[in-house]
Amino acid sequence: MAIDLTTILITCLHGLVYGVLIFLVASGLSIVFGMMGVLNLAHASFYMLGAYLGYSVLGITGNFWVSLLLGPLLAAAAGSLTEHFLLRPVHEAGHLFELMLTIGLSLVILELVKWGWGTEPLPVKIPPSLTGSLQILGSTYPLYRLFIFFFGLAVLAALALVLFKTNLGMIVRAAITNPVMVSALGTDTPRVFNMVFALGAGLAGLAGVIAGPIMGIYPGMATVVGMDAFVVVVVGGLGSLLGAVVASFLIGELQSFGVLLFPQFSLILMFFIMAVVLSIKPQGLFGEKG
Amino acid sequence: MTTRRLNIAVLVVIGLAVLACPWYLGTVSLRLMTEVLYYALFAVSLNLITGFGGLLSFGHAAYFGVGAYVTALSLLHIKGLGLIPALLMGGLAAAVIGAFFSIFLIRVSGTYYAMLTLAFNQLLYAVALKWRDVTGGDDGLGGFPKPPLHIPLIGGIDMTNTANFYWFTAVVIGVMLFLAWHLIRTPLGVSIVLLRENEERARFLGHRTATTRFYLFTIAAFLAGIAGSMFALFQEFVSTGSIDIFKAVDVILMMVIGGVGHFFGPMLGALFMVFVGDWLSRLTDMWEFYIGAFFIAMVLYFRGGLISLMLYAWFWLQRLLSGLLGRRAAS
């Protein structure tokens, strides 16, 4: 197969789009771990939950933009409830039981989704206002994928703005470094934890809603994206937003070019990279915590 | 002393009840019981790492899968291979992989350990899925022979017979479980628990923490590999289902539901998961939901698992009995 410049360009764009999607999932996972020390193995379940809830909202209202707003909000609410009623009581028992709890949670959410929406893949159409394609350097590219890319970038910018320019962001960053000290200084850290957990779940849900039309909605969707998000978080460094950004685009491009160039080995290569990073530098490329 | 004797008596009764299963269980239940046995070993081997070593492995299915695939492949490609050699090849291959992974695993702890085991598991899963020429990929491997067991002076015992295979499984798993039980009573076993409790102090006392963990991971991998081998021999079919993430989750469920940290807990968990899972799956499509919800309830409210529930009942019964007997002696 001859690979010309256009193919490379398209593949590169695909990689960027997928990178943005994994970033939305991985950023929440990473911040929650950095702050609460909890690796949420059920994090991708919120991605799936967001996609399914968005699908139902779209079915009821018929408006993509409403589903884009409500899907993530409902996922965030589910995240908030999860943190309050399930994770918080287990916290004192140590990280072993927290990990176990999130495993059980992912199982339960998966079964609930199968029960509520069935096991068949659900058809989602690209919203009418975003159908069609654009001409880029002599080739066409679907408008919706470009929308995902720029929308994701906007979310990333908003996230960075909140995290680095607001009071709340300052508290979150301080809590990542030293949660006990932040609590001693008079901040209601459990409430901040809850908000951050909900925010992470909401971001994952958002990724689920916008990914639906191009990646499909089916019960296995959480496992696929969840694994990629884990690789991203591990490679970028648990708790690092910058790491999540860099690693997301890295893994996105790797997946994209892997499918094109060496489909046999792309999956193996990804986990190989994850194992190598963990073995040599467990805190990841940009992680601060050892 | 009497408590010890009583405990041994209880274990002997349970052991005999397990061996006598073919006489009082139907074929379907006997097959489920065979599954219970190898899953019990699988869960016990994980419990060595998690319960006694204090580390949650999120990729224990890697060793189970390697054991299963290697046994299947060697029976498929080596003509006239015996039953025991096929079993041992599965276990040893898992031990070799486990030893190799341990080189990297001894350097990390906590969440990073869970992540690295996950990465290794997924790496092997990806190989099993993509290396179609050898593993059959999605289609899996089947059609390998199930050789009879050759015992000197007695001759060959047909393993296609459900009861015969059950007894063979019971003996193999029994020996392996005894090895695991013995391990935690050796100095190495004591050292493993010491590492869980206080690694720094263990190091100050002169324990080689890395070596201890290396042995722990390798032995646990071997036991999981034997469990996987038995799985392959029993199912006569091996697919990526034996090495994927869901297998790794299943064994964690068994261990926690049964009772993590208690030696006999995971066996109870395996019994519960196989039989209750089978019963629920015939009642409802959502059976995994109920298992998951039960698991979450366990983690939230009853971290000791089923085994500690049973032990409470047992102590209560003992006190009741001794109270009654004591009163009779006094009157």
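Okay, let's start with a lining: the second largest pocket has 17 nonpolar, ten polar and four charged residues around it. Here Ala, Val, Leu, Ile, Met, Phe, Trp, Tyr, Cys and Pro count as nonpolar, Asp, Glu, Lys and Arg as charged, and the others, Gly among them, as polar.

Before I go on, a word on what we're looking at. This is a predicted model, where local features need pLDDT of at least 70 and side-chain atom pairs count only at pLDDT 80 or more, while totals for chains, interfaces and linings use all residues. Residues are numbered from 1 along each chain as its sequence is written, chains are lettered from A and ligands numbered from 1 in the order in which they are written, and side-chain values use heavy atoms, with hydrogens and water left out.

Now, what's a pocket? We put a 1 Å grid over the protein atoms alone: a pocket is an open set of points with protein on both sides within 12 Å along at least five of seven lines, a cavity is a set where a 1.4 Å probe fits but cannot get out, and lining residues have an atom within 4 Å of a point. Points are joined across faces, edges and corners, and a volume is the space filled by probe spheres set on them.

Back to that second largest pocket, then. Its volume is about 800 Å³, and among its 31 lining residues, A:Tyr18, A:Val224, A:Asp228, A:Gln255 and A:Leu267 lie nearest the centre. Both chains take part: H1 (5-36), H8, H9, H10 (241-261) and H11 (266-280) of chain A, plus H6 (110-130) and H12 of chain B, each give two or more residues. Those helices are DSSP runs (H or I, at least four residues), numbered from the N terminus. H1(A) gives the most, six residues.

The largest pocket comes in at about 1600 Å³. It has 38 lining residues, and B:Leu11, B:Ile14, B:Gly15, B:Phe264 and B:Met267 are the ones nearest its centre. Which helix gives the largest share of that lining? That's H1(B), with eleven residues. By class, we get 31 nonpolar, five polar and two charged.

On to the cavities. There are six of 30 Å³ or more. The largest has a volume of about 340 Å³. Its lining runs to 18 residues, with A:Leu41, A:Ser106, A:Thr223, B:Ile245 and B:Phe246 nearest the centre. H9(A) brings the largest share, five residues. Are there charged residues in that lining, or none? None: the split is 14 nonpolar and four polar.

The second largest cavity is about 60 Å³. Its lining includes A:Ala51, A:Phe64 and A:Pro213. H2(A) leads there with four residues, and the classes are eight nonpolar, three polar and no charged.

Last stop, the place where the chains meet. Chain B and chain A each put in 42 residues, where contact means heavy atoms within 4.5 Å. Together they bury about 3800 Å², 82% of it on carbon and sulfur atoms; buried area is the accessible area (1.4 Å probe) lost on putting the two together, summed over both. We count zero salt bridges between them, a salt bridge being a side-chain nitrogen of Lys or Arg within 4 Å of a carboxyl oxygen of Asp or Glu. On chain B's side, H6, H12 and H14 (287-301) each supply at least two residues. H6(B) has the largest share of that side, 15 residues, and the side as a whole divides into 31 nonpolar, six polar and five charged.
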